[in-house]
Amino acid sequence: MKFINIGFGNMVSAGRIIAIASPDSAPVKRLVQDAREDGRVIDVSCGRRTRSVIVTDSDHVILSAIQAETITNRITTDDAGQEDPED
């Protein structure tokens, strides 16, 4: 199980991530608002501006202060840099 740092010492399982998006578009804003009303938002931005929205397979929405590109690079770097120990 691989964990990705999403800012301020917070981690998320790479295998549970479905999408990483910028919070600027109207559909993503609606997604966050609906999740907030349902109690499915996890805000790990520590009071800073939200720069990425992470959607998980459990329908939780994670708000991070790290840019979406940075998180994506961390996922791809970990995938390319480490081999699966079970192989």
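**Exercise 1. Determine what share of the chain's residues is buried, and set this beside the overall dimensions and fold pattern.**

Solution. Buried residues account for 30% of the 87 residues in the chain, in what is a predicted model. As a next step, take the secondary structure, which comprises two helices and six strands and which, read along the sequence, gives the pattern β-β-β-α-β-β-β-α. The radius of gyration of the chain is 13 Å, close to the 12 Å that the globule rule gives for 87 residues, so the chain is as compact as a globular protein of that length. Along its principal axes, the C-alpha trace spans about 45 × 25 × 20 Å. Finally, the surface: the chain exposes about 5,700 Å², of which carbon and sulfur atoms supply 47%.

**Exercise 2. Identify the residues of the largest nonpolar core and the elements that each supply at least two of them.**

Solution. The largest nonpolar core has 10 residues in all, namely Ile4, Ile6, Val12, Ala14, Ile17, Val44, Ile54, Ile62, Ile71 and Ile75. Assigning these to elements, one finds that β1 (3-7) and α2 (68-81) each contribute at least two residues of this core. Apart from this core lies another one, of six residues, including Val28, Val32, Ala35 and Val61.

**Exercise 3. Describe how β1 and β2 are joined, and what is particular about the backbone of Phe8.**

Solution. Begin with the pairing: β1 and strand β2 (residues 10-13) run antiparallel and are joined by four bridges. One of the residues to examine is Gly7, whose bridge partner in β2 is Asn10. The hairpin formed by β1 and β2 has two residues between the strands, and in this hairpin Phe8 adopts a positive phi near 55°.

**Exercise 4. Work out whether Ser64 is buried or exposed, and what surrounds this residue.**

Solution. First locate the residue: Ser64 belongs to strand β6, which covers residues 61-64. Its relative accessibility is 0%, and because buried means under 20%, Ser64 counts as buried. Next consider its polar side chain, which reaches the backbone oxygen of Ile6 at 2.6 Å. Setting aside neighbours within four places in sequence, the contacts of Ser64 are Ile6, Val44, Ser45, Arg49, Thr50, Arg51, Ser52 and Ile71; of these, Ile6, Val44 and Ile71 are also listed in the largest nonpolar core. As a last step, compare positions along the chain and in space: Ser64 and Cys46 are 18 residues apart along the chain, while their C-alpha atoms are separated by 8.4 Å.

Technical notes. Residues numbered from 1 in each chain as written. Predicted model: local features only at pLDDT ≥ 70, side-chain atom pairs only at ≥ 80, totals over all residues. Heavy atoms only, no water. Core = buried A, V, L, I, M, F, W, Y, C linked by side-chain atoms within 4.5 Å. Buried < 20%, exposed > 50% of the residue type's maximum accessible area, 1.4 Å probe, protein only. Polar contact = N/O pair within 3.5 Å; in protein donor to acceptor, adjacent residues only side chain to side chain. Contact = heavy atoms within 4.5 Å. Pairing = 2+ DSSP bridges. Rg over C-alpha atoms; globule rule 2.2 N^0.38 Å. Areas by Shrake-Rupley, 256 points an atom, 1.4 Å probe, with all protein chains shown as cover.
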